[in-house]
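Here are my notes on this chain, point by point. Please read them with the structure open.

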Amino acid sequence: MALLAQNPSPTPPSSAQAELSKVEEWVLSQGAKESIAPELAAILGLGSDRLPVKLKSYRTSDGISLTFAVSTNPKQEGIVISALKTRADKMEIYSVGTAWLTDRSGTLRQTIAVDASGAKVLPNNSHAAKFKDIKAFFVKKLQATSPTATLSPSPRRSATAVGGKEIK
């Protein structure tokens, strides 16, 4: 994977590895088709064109959009998690906040700050706690929206085919 070589010292994956891959599957199956701006894709090391993604986004009470975006470009794998607030200033509309590049293992690859002047790379440890909180937020959203998406296998669960018919 090309993304691994871009940051020689990624943060170790959290214990939420399995959960994050389930969130990725959920977003790919039910998320909205969007794209990430070329400038953000470039600074994250995901190419210089608009990056097609599927995403789930939730707005907080203070107007910040928490977004989980999964690349749908087979050549540019990656998950971008962000906490951005859209602002309008005179004739300009821009986002302010933080975005993180990760993968289904949950390993933090890159942290960027976004503001009116553009985006800049930050040390991964500078916003690692917030990254962990937003990952946990999306795991909880997955659990709340699809109670059948258990995060650990249940030994009592019977094998059930699609449509609810038991397999014998």
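1. Helices and strands here are DSSP runs, numbered from the N terminus, with at least four residues for a helix and at least two for a strand. The model is predicted. Along the sequence, the elements follow the pattern α-α-β-α-β-β-β-β-β-β-α. That gives four helices and seven strands.

2. Now burial and surface. The chain has 168 residues, and 36% of them are buried. Its exposed area is about 10100 Å². Carbon and sulfur atoms supply 54% of that area.

3. On contacts: take those with a separation of 6 or more. Residues 24 or more positions apart account for 41% of them.

4. The largest pocket has a volume of about 680 Å³. It is lined by 29 residues, and the closest to its centre are Ile 36, Ala 37, Leu 40, Leu 84 and Ser 95. Strands β1 (32–36), β3 (64–71), β4 (79–89), β5 (92–102), β6 (110–115) and β7 (118–122) each give two or more residues to this lining, as does helix α3 (38–43). By class, the lining has 15 nonpolar, eight polar and six charged residues.

5. The second largest pocket holds about 170 Å³ of space. Which residues are the closest to its centre? They are Glu 24, Val 70, Ser 71, Glu 77 and Gly 78, out of 14 that line the pocket. The elements that give two or more residues here are α2 (17–30) and β3. By class, this lining has five nonpolar, five polar and four charged residues.

6. One element to check in both places: β3 gives two or more residues to the lining of the largest pocket and to that of the second largest.

Note on methods: Residues are numbered from 1 along each chain as its sequence is written. This is a predicted model: local features need pLDDT of at least 70, side-chain atom pairs count only at pLDDT 80 or more; totals for chains, interfaces and linings use all residues. Side-chain values use heavy atoms; hydrogens and water are left out. Buried means under 20% relative accessible area, exposed over 50%, partly exposed in between (1.4 Å probe, protein chains only). Contact means heavy atoms within 4.5 Å. Accessible areas come from the Shrake-Rupley method with a 1.4 Å probe; for residues, only the protein chains shown count as cover. On a 1 Å grid over the protein atoms alone, a cavity is a set of points where a 1.4 Å probe fits but cannot get out, and a pocket is an open set with protein on both sides within 12 Å along at least five of seven lines; lining residues have an atom within 4 Å of a point. Grid points are joined across faces, edges and corners, and a volume is the space filled by probe spheres set on the points. Ala, Val, Leu, Ile, Met, Phe, Trp, Tyr, Cys and Pro count as nonpolar, Asp, Glu, Lys and Arg as charged, and the others, Gly among them, as polar.
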